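Please find below a few remarks on the model, set out as numbered points. They deal with the burial of one helix, the packing of a helix pair, and the cysteines.

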Amino acid sequence: MKVYFIRHGQSESNSKREHGGWGQYPLTEQGKKEAMVAGKRLEGMKFDKVYSSDLIRTIQTQEIAYPCDDVERSSLIREVNVGDLMGRTADDCYAEYGDPYIKNKSIYDFSAYGGENYEQFYDRIYKFIKELEKQPYENVAIFCHGGMILTMMDIVTGLIIPNKYVLRCPNCGVFTFVFTGKSWQLDTWNYRSDITLANTDKDAIL
């Protein structure tokens, strides 16, 4: 099984450098253009199954990049829940919470703010992946969030990456993983990078 993970395009929270979390932030105009570029990366692909998270930024990305009627929306693959940090900038959060915020953000632990810690986030992503492993599909597309893609690297390696931001995961990047029937392997990081995305990682906040 080959699975294409597509991160959503630039959202309104990305453009404002705010934590998006579970917020229903739509794509910006740039985000819509990025979704069109992602569609070019997927051009000619036929998927046995298409999933997206149930947040509007992934739904809009899917509808632009790979329009189809049969899409399964899942709350299991939402971004990490950042709790009370939603809609707030990193600078604002640092001003209130100081260095503990920086540490918690780096390890995806938002439990102090009414959100999820990484173990909780990992567990629901892992639950989704274990169910996916049981399916007979050959090619799958998942329109999701940066957190899920980075968590897949933990699942593949069996390790916990200590700082999630060391891996570049741009808006509308396409990342492919293969399930052999026994284990997961990374196939490509940012598939078809010859088709250039307009943005940089400056928008890569949760």
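1. This is a predicted model, and helix α3, which spans residues 56-65, is a reasonable place to begin, since seven of its ten residues are buried and the helix is mostly covered. The buried residues are R57, T58, I59, Q60, T61, Q62 and A65. What covers them includes the strands β1 (2-7), β2 (49-53), β3 (71-74) and β4 (139-144), together with helix α2 (29-41).

2. Helix α4 (residues 90-97) packs against helix α5 (residues 99-106) at an angle of about 130°, the two axes lying 6 Å apart. That angle makes α4 oblique to α5, because angles over 145 degrees would be needed for the pair to count as roughly antiparallel.

3. On the α4 side of this contact are A90, C93, Y94 and Y97, which meet D99, P100, Y101 and I102 of α5. Sorted by character, the residues of the contact of α4 with α5 comprise seven nonpolar and one charged, with no polar residue among them.

4. C93, one of the α4 residues that meet α5, has a relative accessibility of 0% and therefore counts as buried. C169 likewise counts as buried, at 5% relative accessibility, where the cut-off is under 20%.

5. How many disulfides does the model contain? The count comes to zero, given that a pair of cysteine sulfur atoms has to lie within 2.5 Å to qualify. For C169, which is in no disulfide, the nearest cysteine sulfur is that of C144, 7.8 Å away.

How values were computed
Residues numbered from 1 in each chain as written. Predicted model: local features only at pLDDT ≥ 70, side-chain atom pairs only at ≥ 80, totals over all residues. Heavy atoms only, no water. Axes fitted to C-alpha atoms, helices over the stretch in contact; angles between N-to-C directions. Helix = DSSP H or I, 4+ residues; strand = E, 2+ residues; numbered from the N terminus. Parallel < 35°, antiparallel > 145°, perpendicular 65-115°, else oblique. Contact = heavy atoms within 4.5 Å. Nonpolar A, V, L, I, M, F, W, Y, C, P; charged D, E, K, R; others polar. Buried < 20%, exposed > 50% of the residue type's maximum accessible area, 1.4 Å probe, protein only.
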